[in-house]
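Here are some notes for a colleague coming to this entry for the first time. Please keep the structure open while reading the points.

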Amino acid sequence: MENNRPVVKLISKPQNMLRTIYTACRTCYSADSPVNIYDNAVDEEKMLKLIERVISSGHYSTIEHVQVSFAISNVSRACTHQFVRHRHVSFSQKSQRYVKEKGQFDYITPPTVAKNPELLQKYEDFMSKIADFYTEMTESGIPAEDARFVLPNAAASSIVASLNLRELIHIANIRLCSRAQYEIRVMVKMMCEELLKEEPWLAPYLVPKCERLGYCDEDKCCGRKAKKEEFLSNQQKITS
Ligand SMILES: Cc1cc2nc3c(=O)[nH]c(=O)nc-3n(C[C@H](O)[C@H](O)[C@H](O)COP(=O)(O)OP(=O)(O)OC[C@H]3O[C@@H](n4cnc5c(N)ncnc54)[C@H](O)[C@@H]3O)c2cc1C
């Protein structure tokens, strides 16, 4: 997986992320103006307490005011295809119409294939055959937008993604879950780690959904948290 690891960089984020969200939260419950709230913001601990209370109550518009952007490369089209299904993200992706592949195109090898020498050899031979046929087509005058029909899900891609914090938390909650496919899980983990370097207070939010819920709501559970039914029956025992 090492050579196949996504490359992820946080390229844009607001300077006063926490204070912006605090101002949005506090504005809802204060007679004071947002300008005064922002200029006279309380200390970080108090801001975090209010933000946690507001987010836990489901008042999510308050975390839509801050937007982050990531530059991502060395991920497969299989991964980006899943990523672009998220409807509150703005994407700009390397075009297979305008960027013609030259020789062997870059591709991603899943770790399950990489650790099987026999299958890995066949996988690489297959990619090389596809590259040969792609080149034969483009050299015969077939436009890249048509020759790309033979490119596989494994073909490497690059994408710039911009999203607000509400959507990032949603994506982290579902794509860090062990039920998500490995590559998007790795990519989203790297996105979260990039942001956490600068905004460590987000750590309790950028987690698999079971960490926020306290239980697992998936059919197949990895065991990290108790299944929902088990969790609820335990809660009932504690309160009765
Ligand atoms: C483990 C896993 C397996 C999956 N398997 C499949 C599969 O087999 N086949 C498949 O096609 N897809 C699959 N998906 C993709 C999934 O169905 C969604 O397309 C993807 O998760 C993006 O949608 P989203 O609901 O997460 O919300 P986003 O698009 O990220 O939007 C965030 C939230 O906004 C709200 N929202 C957005 N758009 C609307 C709307 N039109 N109406 C109402 N509310 C809206 C919802 O609350 C939503 O949760 C899978 C996803 C995961 C995580």
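1. What distance separates the centres of domain 1 and domain 3, taken over C-alpha atoms? In this predicted model, the two centres, taken over C-alpha atoms, are separated by 26 Å. The contact between them draws five residues from domain 1 and five residues from domain 3, and on the side of domain 1 that touches domain 3 there are two nonpolar, two polar and one charged residues.

2. For orientation along the chain, the division into domains gives domain 1 as 1–96 + 157–207, domain 2 as 102–154 and domain 3 as 210–240.

3. Next, the surroundings of the ligand. Around the ligand stand Arg 85, His 86, Arg 87 and His 88, together with Glu 167, His 170, Ile 174, Arg 175, Arg 179 and Ala 180. Sorted by class, this shell holds two nonpolar, three polar and five charged residues.

4. Helix 8 (residues 165–175) and helix 9 (residues 182–198) have axes that come within 10 Å and cross at roughly 140°. An angle over 145 degrees would count as roughly antiparallel, and the pair is therefore described as oblique. The crossing of helix 8 and helix 9 is left-handed. On the side of helix 8 the contact is made by Ile 171, Ala 172 and Arg 175, while helix 9 supplies Ile 184, Arg 185, Val 188 and Cys 192. By class, this contact counts five nonpolar, no polar and two charged residues. A reader may wish to note that Arg 175, listed in this contact, also appears among the residues surrounding the ligand.

5. A second helix pair is formed by helix 1 (residues 17–29) and helix 3 (residues 44–56), which pack at an angle of about 55° with their axes 9 Å apart. Helix 1 and helix 3 are therefore oblique to each other, and their crossing is left-handed.

6. Which residues of helix 1 and helix 3 meet? From helix 1 come Leu 18, Ile 21, Tyr 22, Cys 25 and Arg 26, and these meet Glu 44, Met 47, Leu 50, Ile 51 and Val 54 of helix 3. The residues of this contact divide into eight nonpolar, no polar and two charged.

Definitions and conventions: Residues numbered from 1 in each chain as written. Predicted model: local features only at pLDDT ≥ 70, side-chain atom pairs only at ≥ 80, totals over all residues. Near = placed C-beta within 6 Å. Nonpolar A, V, L, I, M, F, W, Y, C, P; charged D, E, K, R; others polar. Domains from an automatic or database assignment. Contact = placed C-beta atoms within 7 Å. Axes fitted to C-alpha atoms, helices over the stretch in contact; angles between N-to-C directions. Helix = DSSP H or I, 4+ residues; strand = E, 2+ residues; numbered from the N terminus. Parallel < 35°, antiparallel > 145°, perpendicular 65-115°, else oblique. Left-handed = near helix turned anticlockwise from the far one by under 90°.
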